[in-house]
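Hi everyone, thanks for coming. Let's walk through one fold together, so please take a look at the screen.

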Amino acid sequence: MAMIFSNTLYSSSPLTSTRTKPSRFSKKLKTQAQFQSMEDHDDHLHRKFMEFPYVSATRRQLMVDLMSTVEDRLDSLLLPCTLPPDVRNFKNPNGSAEASLHIRSGEKSSPIDFVIGSWIHCKIPTGVSLNITSISAFLNSSTKAPNFVVELIQSSPTSLVLILDLPHRKDLVLYPDYLKEFYQDTALDSHRQSLLKLPEVKPYVSPSLFVRSAFSPTASMLKIDVEEEEKMEEILRDHVGPAAKEVLGVWLERCEREEEDGKRVIGEEERMELDKRDKSFRKKSIEEDLDLQFPRMFGQEVSSRVVHAIKEAFGVL
């Protein structure tokens, strides 16, 4: 009451007329301060995502290296992340599951549609923890080049599933030149073959027929089982890491070639086919995975908010 009373007295005083309006300079400073605050908050959320907090040091460093390479190499082609804070980092009501999401759309003139990175940590009732880290990059219909995906799924310190691929966006039987250009000439299958030479590594067969059909013949869909955690770290550091970086390097080189040369002319019919296939793939991916798993891990309210944002980014709302 005292503050209101004194303000009332002050506003009715003859001195009121001598008060000056805020200058343009002060308004500019206020705007700059607000912008700086938003930038600081964005940096905080980005750092939170890049922590990959629930995985081993070796795996964390691999994910940081891969994401940093993508963002550094493609920075001029990408827009800032515009996801709401409660979508960029979120938990379930009881705190047993936490996740971080980072999506950057591509500039209109670039071949990049969007890049998405995420980590998910969930304590399972059996007592173990599920930790998923992933990075995917999707191209738009200005190019027919493949997408990129790397995902590591771990439910114990001694067992891990790896998915590493450049998923095709054209039928490989109808377009054998596509198979040759992106998979044979780049020797992508050599990475899968090298990893399979390790006694701890076996092929992984997804229970989803859709997942199996979505990846290329050169995909490294592998299960790694070890007896000691130190061996898992060694395989990640000496084998999985180099393979993932080389596959990403192939993809980035193709993207940069698309941007610099602009040599591929995509006709309207082919562009429509790519758009249709891309949207069908993204929609089905959400239905098969997020629509089923997220409500179980994060509850309906959080899940609905996050999945809606992902669908919007994917262009399948």
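How many bridges join strand S6 to strand S8? Six: S6 covers residues 159-165, S8 covers residues 220-225, and the two run antiparallel. Before going on, a word on the source: this is a predicted model, where local features need pLDDT of at least 70 and side-chain atom pairs count only at pLDDT 80 or more, while totals for chains, interfaces and linings use all residues. Residues are numbered from 1 along each chain as its sequence is written, and side-chain values use heavy atoms, with hydrogens and water left out.

Helices (H or I, at least four residues) and strands (E, at least two) are DSSP runs, numbered from the N terminus. Two strands pair if DSSP finds at least two bridges between them. Within the S6 and S8 pair, Ser-159 stands opposite Asp-225 in S8.

Now the helix on this sheet beside that pair. Helix H6, residues 189-196, packs on the sheet and touches S6, S7 and S8, contact meaning heavy atoms within 4.5 Å. The direction of H6 makes about 15° with that of S8; axes are lines fitted to C-alpha atoms, for helices over the stretch in contact, and angles run from 0 to 180 degrees between N-to-C directions.

What about the sheet as a whole? It is an open sheet of eight strands, in the order S1-S2-S3-S4-S5-S6-S8-S7, with antiparallel pairing. Strand S1 (89-91) and strand S7 (201-203) are the edges, each pairing on one side only.

Helix H3 lies across S2, S3, S4, S5 and S6, at about 20° to S4. Several H3 residues are buried, including Leu-62, Leu-66 and Val-70; buried means under 20% relative accessible area, exposed over 50%, and partly exposed in between (1.4 Å probe, protein chains only).

Let's zoom in on S4, where Ser-129 sits. With a relative accessible area of 25%, Ser-129 is partly exposed. Ser-129 and Gln-154 are 25 residues apart in sequence, yet their C-alpha atoms are 8.1 Å apart in space.

Last, the rings. The whole structure holds 13 aromatic pairs: rings of Phe, Tyr and Trp (its six-membered ring) pair if their centres lie within 6.5 Å, and planes under 30 degrees apart count as stacked, over 60 as edge-to-face and the rest as tilted. Tyr-178 and Tyr-183 have centres 6.4 Å apart and planes at 50°, so that pair is tilted. Both Tyr-178 and Tyr-183 are buried.
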